[in-house]
Amino acid sequence: MSKVLIVYCTMTGNTRTAAEAIADGVKSAGGEAVMKDGCQAVPEDLLKCDAVAFGSYDAFSYMGGGLKNFFDRAFYPTQNAITGKPYAAFVTHGGGGKAVQSIESVAQTFKLNKAADSVLVKGRPDEQAVAGLQELGKKLVAAGNSKT
Ligand SMILES: Cc1cc2nc3c(=O)[nH]c(=O)nc-3n(C[C@H](O)[C@H](O)[C@H](O)COP(=O)(O)O)c2cc1C
């Protein structure tokens, strides 16, 4: 069974709602979803998962501090141990969304493999956005299964 880690940060809940939708998609595809706030996630979470979703609000066109905090703490402990692991990024924003580039750039430095297009959502995810996020969860389960 594919274990999908969902690491995210949120200020006002929009990105948590998005993360929950991804987790629903993971579970509906028969995977295990592990949701962690960026400040609470530990490097072992990244080592132990089969695929990972990184989520943030857009903060001045960069990822939020909670996710950045996780990336900073996880880099050395996971270096060369997660090469090729499937990942996807998701961002909620207020009309911009450029923060996704910062997540993709760091994921590339971690040598992760982009398993699906990033999902950008303006504000709180509505029904249509939730459906797209659920799809992303399903894709990550499939990518994690084919990796293991
Ligand atoms: C400090 C701060 C900076 C922000 N900067 C941007 C930005 O540069 N571009 C943008 O589109 N939205 C920006 N926003 C809006 C948030 O990204 C947006 O409201 C997001 O959905 C909030 O997600 P959350 O509810 O998970 O915190 C900013 C919000 C905050 C609090």
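The shell around the ligand in this predicted model is mostly a polar affair: its residues split into 13 polar, 4 nonpolar and 1 charged. That makes 18 residues around the ligand, and the ones that come nearest are Met-11, Asn-14, Thr-15, Tyr-57 and Gly-96. If you'd like to find the ligand's surroundings by eye, those five names are a handy place to begin.

Where in the fold do these residues come from? Three elements each give two or more residues to the shell: the helix α1, covering 14–28, and the strands β3 (51–59) and β5 (86–93). Of the contributors, β3 has the largest share, with 3 residues.

Now follow the chain on from β3. The loop between β3 and β4, where β4 spans 62–63, holds Ser-61. Take a look at its backbone: Ser-61 isn't a glycine, yet its phi is positive, at about 65°. Is Ser-61 buried or exposed? Neither label quite fits: it has 13 C-beta neighbours inside 10 Å, so Ser-61 counts as partly exposed.

Further along, a second residue deserves a look. Lys-111 sits in the loop that links α4 (99–109) and β6 (113–114). Here, too, the phi is positive, about 65°, although Lys-111 is not a glycine. As for its surroundings, there are 14 other C-beta atoms within 10 Å of Lys-111, and therefore it ranks as partly exposed.

Definitions and conventions:
Residues are numbered from 1 along each chain as its sequence is written. This is a predicted model: local features need pLDDT of at least 70, side-chain atom pairs count only at pLDDT 80 or more; totals for chains, interfaces and linings use all residues. A residue is near a molecule or strand if its C-beta atom, placed from the backbone, lies within 6 Å of it. Helices (H or I, at least four residues) and strands (E, at least two) are DSSP runs, numbered from the N terminus. Ala, Val, Leu, Ile, Met, Phe, Trp, Tyr, Cys and Pro count as nonpolar, Asp, Glu, Lys and Arg as charged, and the others, Gly among them, as polar. A residue is buried if 20 or more other C-beta atoms lie within 10 Å of its own, exposed if 12 or fewer, and partly exposed in between; C-beta atoms are placed from the backbone.
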